[in-house]
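I opened this notebook to keep track of what I looked up, side chain by side chain. The entries below follow the order in which I went through them.

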Amino acid sequence: MDSFDIFNPVNIRFGRGVIGEAGKIARRYSNSALIVTGKTSMRKTGVLDNLIGILKSAGVDVTVYDGITPNPTTAEIDEAAGIAKQKGVGLIIGLGGGSPLDSAKAVAVAAKGDMPVWNYLKTPATEALPVITIVSTSGTGSEVNRYSVMTNPETGEKPGFGYACMYPKEAIIDPEITASMPPQVTAATGFDVFVHILEAFTGKIRNAFSSAYCMQAFYLLRDNLVRAYEEPANIEARGNMALASALAGLAIDISGVGIMHALEHPVSGNYPEVAHGAGLAALAVPSMKYNLEACKMDFMLIAHHFGIKRAGKSDDEYAYALIEKTEDIIRTLSLNARLKDLGVEKDRLPKIAKEAFSTMGFAIQNNARAAGEAEVLKILEESY
Ligand code: NZQ
Ligand code: MN
């Protein structure tokens with residue numbers, strides 16, 4: 001029996017309208033905050049202005065950095081950290097999807113120290129400003145975990161990192177904020193949750209706690225992902241997907257991700273216009289076929305919980321039924337684009353394969369089936 005430690009210090013506040021408590025919560029940490037957000041969505045929906053009002057009426061002085069792009073770059077993070085230092089803020093509030101939330105954690109680290117944020121990949125951070133996450137997508141799980149993913153715009157490298165000091169102090173999960181996601185964002189981010197479940201559930205360092213989070217996230221996703229996609233205003237489906245995202249985010253905090261994430265990060269690092277979830281969808285079926293033998297029992301279990309009938313199927317056929325179900329979900333969500341359709345150039349595949357190891361080696365290590373560069377390149381070619 002393997003030994004392990006579980007640690008997650010995030011206060012999670014979930015429910016409709018809980019953003020209204022942001023002022024009171026923020027005041028516990030500081031009376032001066034930097035909001036880190038994206039360029040458009042939170043302003044357009046009125047959520048940013050609403051949050052600024054809530055914070056100001058609680059006596060919190062607010063500065064806004066709204067330059068975070070999807071698949072955020074180190075340049076954006078360093079710029080925001082410079083503003084945080086210059087203003088002397090005592091709190092970072094991430095508002096938006098995984099990109100602004102990941103950035104908020106990285107800003108919190110860089111604003112405490114005196115190095116460019118990229119240097120913290122090699123030099124562990126031991127302190128950071130407090131972070132509050134206010135999530136607007138149901139996907140990455142960044143709202144409740146310690147991870148931050150950033151892209152070096154000069155090289156296209158897109159590693160993830162996460163130190164204990166990077167856990168958000170508070171996660172505010174208000175499903176109403178997610179209801180404005182257009183269908184393609186709901187689809188891509190929702191598929192990300194599915195892959196977190198698959199990879200944390202089958203990874204080498206999984207344990208009883210991560211598996212428990214995965215199963216509950218799975219039931220919620222099974223019953224709500226397509227509903228949220230087809231009925232954007234269905235607040236119950238939105239709430240359940242927000243829960244699935246957080247539960248799967250806790251699972252990957254414990255047990256990490258696998259080969260699909262190892263391959264996807266260099267895809268969206270080299271091609272920042274590719275949404276993380278869309279990249280995962282292109283890689284999913286070839287990766288699952290590669291993993292089939294090593295994940296047979298787990299795939300059969302998930303197929304069973306999808307309600308797929310066993311009938312006269314052999315173990316191999318029943319496990320394979322999960323791959324067919326995944327293809328089905330990808331089609332239903334209109335995520336059936338290949339790497340080629342996403343704009344990836346064929347001659348870039350060897351660089352992507354190399355970076356899967358150099359930037360996401362821990363995810364390859366955790367994958368149920370061992371893989372070398374040749375195997376990884378083959379999966380990329382099959383996904384092309
Ligand atoms: O950029 P803005 O204007 O804010 O618009 C965003 C963006 O265009 C928009 N959007 C977000 N919430 C919305 C909305 N539009 C309307 N209504 C809303 N409520 O959606 C687009 C995508 O947003 P983004 O934050 O980029 O998406 P996502 O949540 O998928 O985050 C992706 C990033 O997270 C990383 C990914 O690699 C990627 O960089 N990940 C972080 C992880 C973690 N911290 O644990 C794990 C993941 O595996 C992932 O790697
Ligand atoms: Mn992901």
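**Notebook: rings, charges and sulfurs**

I began with a charge and a ring: in this predicted model, the charged end of arginine 369 sits over the ring of tyrosine 290, at 3.9 Å from the ring centre.

Next I looked for rings that pair with one another, and the search of the whole structure gave seven aromatic pairs. For phenylalanine 161 and tyrosine 163 I noted ring centres 6.0 Å apart and planes at 75°, and because planes over 60 degrees apart count as edge-to-face, that is how I entered this pair. I then checked how accessible these two residues are, and found that phenylalanine 161 and tyrosine 163 are both buried.

I also entered phenylalanine 218 with tyrosine 219, an edge-to-face pair with 6.0 Å from centre to centre and 65° between the planes. Here I recorded phenylalanine 218 as buried, with a relative accessible area of 2%, whereas tyrosine 219 is partly exposed, with a relative accessible area of 28%. Both residues belong to a cluster that ring pairs link together, made up of Phe191, Phe194, Phe218, Tyr219 and Phe306.

My last search was for disulfides, and over the whole structure it found zero. Why does cysteine 214 have no bond to the closest cysteine sulfur? I noted that this closest sulfur belongs to cysteine 295 and lies 12 Å from the sulfur of cysteine 214, which is too far for a bond, since the two sulfur atoms of a disulfide have to be within 2.5 Å. I closed the entry with the accessibility of cysteine 214, which is buried, with a relative accessible area of 1%.

Note on methods: Residues are numbered from 1 along each chain as its sequence is written. Chains are lettered from A and ligands numbered from 1 in the order in which they are written. This is a predicted model: local features need pLDDT of at least 70, side-chain atom pairs count only at pLDDT 80 or more; totals for chains, interfaces and linings use all residues. Side-chain values use heavy atoms; hydrogens and water are left out. Rings of Phe, Tyr and Trp (its six-membered ring) pair if their centres lie within 6.5 Å; planes under 30 degrees apart count as stacked, over 60 as edge-to-face and the rest as tilted. Buried means under 20% relative accessible area, exposed over 50%, partly exposed in between (1.4 Å probe, protein chains only). A charge sits over a ring if NZ of Lys or CZ of Arg is within 6 Å of the ring centre and within 35 degrees of the ring normal.
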